[in-house]
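Student: Got a minute to go through this one with me? I'd like to start with how the strands pair up.

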Amino acid sequence: GRDRIALNVGGTVFETTKQTLMTESDTFFSSMVHCDAWQPDKETGQFFIDRDPLFVREIIQYLRNGSLDGKLPVLNEEHKPHSQTFLIQQLDFFQVSSLISSVNNVTNA
């Protein structure tokens, strides 16, 4: 349908909906949805974002559910401990401010 969106982030494709991306205002994603100038690739139908895909799945999950089920992605075994800094950089780039404060609260505890 029209509401489905495919995001190609550094070669990894994430599928979601416009509603999910607009869950929080003033994020990279909500701005993207509102910006008619940014169009998907004509061949693939995907919006390309030249960014490392690490943590994008978790960010979309957060927008979908309003939470990360109590687990921040930085605490998952698959991610290296130094990735906390990168997580903050990703959240800053995608402008998900409510999640930035959650990460800061956990990491400063």
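Tutor: Sure. Two strands count as paired if DSSP finds at least two bridges between them. Keep in mind that this is a predicted model.

Student: OK, so which residue is the bridge partner of Asn8 in β2?

Tutor: That's Val13. Six bridges in total join β1 to β2, and the two strands run antiparallel.

Student: And what's going on in the hairpin of β1 and β2?

Tutor: Two residues sit between the strands there, and Gly10 takes a positive phi near 55°.

Student: What about β1 and β3, parallel or antiparallel?

Tutor: Parallel, with four bridges joining them. One example is Val9, whose bridge partner in β3 is Ile49.

Student: So what's the strand order in the sheet?

Tutor: β2-β1-β3, in an open sheet of three strands with mixed pairing. β2 and β3 are at the edges with a single partner strand each, so each has one side without a neighbour in the sheet. From one strand to the next, the twist averages 30°.

Student: Which strands does α3 touch when it packs on the sheet?

Tutor: β1 and β2, and the direction of α3 makes about 5° with that of β2.

Student: Let me zoom out. How many helices and strands are in the chain?

Tutor: Five helices and three strands. Reading from the N terminus, the order is β-β-α-α-β-α-α-α.

Student: How much of the chain is buried?

Tutor: Buried residues account for 37% of the 109 residues. The accessible surface comes to about 6700 Å², and carbon and sulfur atoms hold 47% of that.

Student: And the contacts, what share join residues at least 24 apart?

Tutor: 57%, taken among contacts between residues at least 6 apart in sequence.

Student: Core next. Which residues have the most contacts inside the largest nonpolar one?

Tutor: Leu7, Phe29, Leu91 and Phe94, in a core of 24 residues. The elements that give two or more residues to this core are β1, α2 (28-34), β3 (46-49), α3 (56-65), α4 (83-94) and α5 (97-107).

Student: Which of them gives the most?

Tutor: α3, with five residues. As a general point, nonpolar side chains tend to be buried together in soluble globular proteins.

Student: Which residues in α3 are buried, then?

Tutor: Val56, Glu58, Ile59, Ile60, Tyr62 and Leu63. Just after α3 comes Gly66, with a positive phi of about 80°.

Student: Back to Phe29. What does Phe29 touch?

Tutor: Leaving out residues up to four places away in sequence, Phe29 touches Leu7, Leu21, Ile49, Ile59, Leu63 and Phe94.

Student: I'm also curious about Thr20. Where is it?

Tutor: Thr20 is in helix α1, residues 18-21.

Student: Buried or exposed?

Tutor: Thr20 counts as buried, because its relative accessibility is 11% and the cut-off is under 20%. Setting aside neighbours within four places in sequence, Thr20 is in contact with Ile60, Leu63 and Arg64.

Student: Same sort of question for Ile100, which helix is it in?

Tutor: Helix α5. Ile100 is buried too, with a relative accessible area of 18%. Beyond neighbours within four places in sequence, Ile100 is in contact with Leu91 and Asp92.

Student: And how far is Ile100 from Leu87?

Tutor: They are 8.8 Å apart, C-alpha to C-alpha, and 13 residues apart in sequence.

Student: Last topic, charges. How many salt bridges does a search of the whole structure find?

Tutor: One. Glu15 forms it with Arg4, and the closest N and O atoms are 2.6 Å apart. The pair links distant parts of the chain: Glu15 is in strand β2 (residues 12-17) and Arg4 is in strand β1 (residues 4-9), 11 residues apart.

Student: Why is Arg4 classed as exposed, and Glu15 as partly exposed?

Tutor: Arg4 counts as exposed because its relative accessibility is 55%, and the cut-off for exposed is over 50%. Glu15 has a relative accessible area of 46%, so Glu15 is partly exposed.

Key:
Residues are numbered from 1 along each chain as its sequence is written. This is a predicted model: local features need pLDDT of at least 70, side-chain atom pairs count only at pLDDT 80 or more; totals for chains, interfaces and linings use all residues. Side-chain values use heavy atoms; hydrogens and water are left out. A salt bridge is a side-chain nitrogen of Lys or Arg within 4 Å of a carboxyl oxygen of Asp or Glu. Buried means under 20% relative accessible area, exposed over 50%, partly exposed in between (1.4 Å probe, protein chains only). A nonpolar core is a set of buried Ala, Val, Leu, Ile, Met, Phe, Trp, Tyr and Cys residues joined through side-chain atoms within 4.5 Å. Contact means heavy atoms within 4.5 Å. Axes are lines fitted to C-alpha atoms, for helices over the stretch in contact, and angles run from 0 to 180 degrees between N-to-C directions. Accessible areas come from the Shrake-Rupley method with a 1.4 Å probe; for residues, only the protein chains shown count as cover.
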